[in-house]
Amino acid sequence: MLVKAGARWATSPSVSEAPNTRWVVPALAAVYLVWGSTYLAMRVVVAAVPPFAMASARYLGVGLFLLALLKLRGAPWPTARQWAWSAPVGALMFVLGNGTVAFAEKHLSSGIAAVVCGTMPLWAAAMGPLWGERATPREWAGLALGFLGVATLGLGRELRAEPLHAAVLLLAPIAWAAGSMLARAWPLPKGLMSAATQMTTGGAMMGLLSFALGERVPERIPPAVIASWLYLCVFGSLIAYSAYTYLLKVTRPAVATSYSYVNPVIAVLLGALLGGERAGPEVIASVLLVVSATAMVVLGRARPVTPVTRA
């Protein structure tokens, strides 16, 4: 689910800086298609590998890789204080914000997971007053519409049949939004180093959780599962996240975050076409409501409440 993590909003580039915008379209395609497809890839993996073990290996591996790469490029090593601040943010965004999605997708479709996670910008807007950011009437209307969309999902049989996994899934966007808000306020490392420390600490904590739950990785893992896991690591956590940080630098925030109301549509379509998932009328109605609500909130702000990242 649930990424991207702790990056601060970039100010609009001035004309004199002449940013290189030739990669905007490929970058948008990456965050639209890749992050929209990670839900189905995650469901393929958790069908054979325990969810927290899978997520721990993914984020711990990617986090350590980023740390090594950035250090080789001359980035300063995070201080002990920065590691300490990164740990709770990593717990919120990756353990509770992404690991819970992997757990829920053991029994829920990837399309439903994407729709629920698509409400994350709405939760971030709802939390804005806690950080002194007052929501506008348009945003409150968007919040009400988005939560109506989630409630519409409850009309289907899937969520009602799995109340535990549904409750855990609903926790994911709330935790990701809270982690994003804290990442803006706390003294974390800059740029990708912030993502690296959060992924590393979050991945390590998920490893401990996996051990505590007694998860066991099977001795033989199908090639399709391995390929899907590598796709999550390389495309979901490295390529798409890099594309997202590029978009934050050279485009308006509303453009960079437009993936948040495209991903649910992509995920539902891929789940139905490639994953054999059912997209009933309640799912379609929920997608329309959540996408409309997110567009109202994201496009209605000159300066968004939080960096909404998915890694």
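How many of the 311 residues of the chain, as a percentage, count as buried? The model examined in these exercises is predicted, and 55% of the residues of its chain count as buried.

**Exercise 1. Describe the secondary structure of the chain and the burial of helix H4.**

Solution.
1. Count the elements: the chain contains 13 helices and zero strands.
2. Write their order from the N terminus: the elements run α-α-α-α-α-α-α-α-α-α-α-α-α.
3. Turn to helix H4, which spans residues 110–117 and is mostly covered. Eight of its eight residues are buried.
4. Name these residues: the buried positions of H4 are Ser110, Gly111, Ile112, Ala113, Ala114, Val115, Val116 and Cys117.
5. Check one of them by its value: Cys117 has a relative accessibility of 5% and therefore counts as buried, the limit being under 20%.

**Exercise 2. Determine which residues have the most contacts inside the largest nonpolar core, and which helix gives the largest share of that core.**

Solution.
1. Establish the extent of the core: the largest nonpolar core has 78 residues.
2. Identify the residues with the most contacts inside this core: they are Met54, Val101, Leu169 and Leu247.
3. Assign the largest share: helix H1 (residues 24–46) supplies 12 residues of this core.
4. Follow one residue in detail. With residues up to four places away in sequence not counted, Met54 touches Met42, Val45, Val46, Val49, Ala102, Trp229 and Leu232.
5. Look for a further core: another one, of five residues, lies apart from the largest core. Among its members are Leu122, Ala125, Leu143 and Val297.
6. Place the result in a general setting: in soluble globular proteins, nonpolar side chains tend to be buried together.

**Exercise 3. Classify the ring pair of Trp77 and Trp83 and the ring pair of Trp123 and Phe147.**

Solution.
1. Begin with the total: a search of the whole structure yields 11 aromatic pairs.
2. Take Trp77 and Trp83. Their ring centres are 6.2 Å apart and their planes stand at 50°, so this pair is tilted.
3. Consider the accessibility of both residues. Trp77 has a relative accessible area of 45% and is partly exposed; Trp83, at 21% relative accessibility, also counts as partly exposed.
4. Take Trp123 and Phe147. With centres 4.8 Å apart and planes at 45°, this pair is tilted.
5. Locate the two rings in the chain. Trp123 belongs to helix H5 (residues 120–127) and Phe147 to helix H6 (residues 137–153). The residues are 24 apart, and the pair links distant parts of the chain.
6. Add their accessibility: Trp123 is partly exposed at 26%, and Phe147 is partly exposed at 28%.
7. Note a group of rings as well: ring pairs link Trp35, Tyr241, Tyr244 and Tyr259 into a cluster.

**Exercise 4. Explain why the salt bridge of Glu277 and Arg43 ties together separate parts of the sequence.**

Solution.
1. State the count: the structure has two salt bridges.
2. Examine the contact: the side chains of Glu277 and Arg43 meet in a salt bridge at 3.3 Å, N to O.
3. Locate the partners. Glu277 lies in the loop between helix H12 (263–273) and helix H13 (281–299), and Arg43 lies in helix H1.
4. Draw the conclusion: because of these positions, the pair ties together parts that are 234 residues apart in sequence.
5. Assess burial at each end. Glu277, at 11% relative accessibility, counts as buried, whereas Arg43 has a relative accessible area of 27% and is partly exposed.

**Exercise 5. Describe the surroundings of Glu282: is this residue buried or exposed, and what does it contact?**

Solution.
1. Place the residue: Glu282 lies in helix H13.
2. Judge its accessibility: the relative accessible area of Glu282 is 12%, so the residue is buried.
3. Identify its charged partner: the side chains of Arg278 and Glu282 meet in a salt bridge at 2.9 Å, N to O. A polar contact of 2.9 Å also joins these side chains.
4. List the remaining contacts: leaving aside neighbours within four places in sequence, Glu282 is in contact with Thr152, Leu153, Leu155 and Gly156.

**Exercise 6. State how many disulfides are counted, and give the burial of Cys233.**

Solution.
1. Give the count: there are zero disulfides.
2. Consider the cysteine: Cys233 has a relative accessible area of 8% and is buried.

Note on methods: Residues numbered from 1 in each chain as written. Predicted model: local features only at pLDDT ≥ 70, side-chain atom pairs only at ≥ 80, totals over all residues. Heavy atoms only, no water. Phe/Tyr/Trp six-rings, centres within 6.5 Å; stacked < 30°, edge-to-face > 60°. Buried < 20%, exposed > 50% of the residue type's maximum accessible area, 1.4 Å probe, protein only. Helix = DSSP H or I, 4+ residues; strand = E, 2+ residues; numbered from the N terminus. Core = buried A, V, L, I, M, F, W, Y, C linked by side-chain atoms within 4.5 Å. Contact = heavy atoms within 4.5 Å. Salt bridge = Lys/Arg side-chain N within 4 Å of Asp/Glu carboxyl O. Polar contact = N/O pair within 3.5 Å; in protein donor to acceptor, adjacent residues only side chain to side chain. Disulfide = S-S within 2.5 Å.
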